[in-house]
Amino acid sequence: MFESIKDQIKNINKIVAVTGAGISQESGIPTFRGKDGLWRNHDAMKLATIDAFYDNPKLVWEWYNERRRNIFQAQPNQGHKAIAELEKYAQVTVLTQNIDGLHQKAGSSKVLELHGSIVKIKCSVCDYKEEILTEISNLPPLCKCGNVLRPDVVWFGEALPQDVWQNAIVFASQCDLMIVVGTSLVVSPANTLPIYAKQNNSILIEINPENTDISDDMDLVIKDTSAVALPKFVSLFKKNHN
Ligand code: APR
């Protein structure tokens with residue numbers, strides 16, 4: 001599966017993994033654009049917007065509450081665990097678009113959450129923020145200032161947290177290897193990260209059962225699931241880095 005880059009692996013010390021919903025699919029968390037991307041016949045991508053929230057905060061909160069329940073029960077799969085194990089052999093930074101915290105649960109120690117986190121809540125007006133790990137009952141929840149609380153996640157059209165994004169660019173620009181796993185790479189600016197890596201002459205690997213817009217620019221495309229392919233990559237990497 002990874003034979004073509006076996007010789008280059010010896011010189012790899014800085015790895016960046018760019019991950020998307022696909023890596024959590026085998027943990028039972030639906031992707032956005034796959035066949036499982038609908039919720040009560042609503043297009044997930046239409047719900048993850050500030051307009052949908054202001055139009056119907058209760059509906060968006062019902063969706064997020066169901067996602068919270070699902071995510072809190074989910075466990076990291078072999079793909080998440082493989083990326084965490086890689087830290088024994090190289091410097092590994094995870095730049096994830098996911099908000100499910102499964103990389104951290106698997107043991108990855110350096111994870112940048114580009115699109116926020118499902119546990120974080122913030123006020124839609126004042127600067128109130130908190131982490132809530134329990135079920136939220138009265139929907140939509142209200143802030144002490146009287147305004148509606150919202151999930152502290154990045155919705156379509158919203159800017160990423162600037163400090164997180166600037167750091168992500170630095171890691172992408174300095175890595176020896178970038179592994180792009182389980183993402184359709186249709187959402188910017190996350191989908192520009194492989195460009196930063198390529199400009200730094202890093203090796204680019206994509207792991208995805210489907211083709212994406214940048215599959216042709218990859219050094220290696222593995223058409224398999226992350227839970228199958230990533231453990232194979234780690235066992236090859238381990239052999240060349242003991
Ligand atoms: N292993 C690897 N890849 C998989 C697997 C799997 N088991 N199952 C599905 N995939 C791939 C799909 O082929 C698809 O290319 O994962 C990708 C999931 O794509 P999306 O559903 O578009 O999710 P993602 O790329 O993370 O979306 C990016 O868009 O909706 C917003 O903010 C949201 O963070 C999200 C962003």
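Me: Before we start, domain bounds here come from an automatic or database domain assignment. So which residues make up domain 1 and domain 2?
Reply: This is a predicted model, where local features need pLDDT of at least 70, side-chain atom pairs count only at pLDDT 80 or more, and totals for chains, interfaces and linings use all residues. Residues are numbered from 1 along each chain as its sequence is written, and side-chain values use heavy atoms, with hydrogens and water left out. With that numbering, the protein splits into domain 1 (1–28 + 76–115 + 159–242) and domain 2 (30–73 + 118–153).

Me: How many residues does each domain bring to the contact?
Reply: Taken over C-alpha atoms, the centres of domain 1 and domain 2 are 27 Å apart. Contact means heavy atoms within 4.5 Å. Domain 1 gives twelve residues and domain 2 gives 13 residues.

Me: Which residues come nearest to the ligand?
Reply: A residue counts as near if one of its heavy atoms lies within 4 Å of the molecule. The shell takes at least three residues from each of domain 1 and domain 2. Out of 20 residues around the ligand, the nearest are Ala21, Arg33, Thr183, Ser184 and Asn208.

Me: How far is the side chain of Asn208 from an oxygen atom of the ligand?
Reply: Let's look at N and O pairs between protein and ligand, where a polar contact means within 3.5 Å. A polar side-chain atom of Gln25 sits 3.3 Å from a ligand nitrogen, and a backbone N or O atom of Gly182 is 3.2 Å from a ligand oxygen. For an N or O atom in the Asn208 side chain, the distance to a ligand oxygen is 2.7 Å.

Me: Why is there no bond between the sulfurs of Cys143 and Cys126?
Reply: A disulfide needs two cysteine sulfur atoms within 2.5 Å, and a search of the whole structure finds zero. Cys126 holds the cysteine sulfur closest to that of Cys143, but it's too far for a bond, at 3.6 Å.

How values were computed:
Polar contact = N/O pair within 3.5 Å; in protein donor to acceptor, adjacent residues only side chain to side chain.
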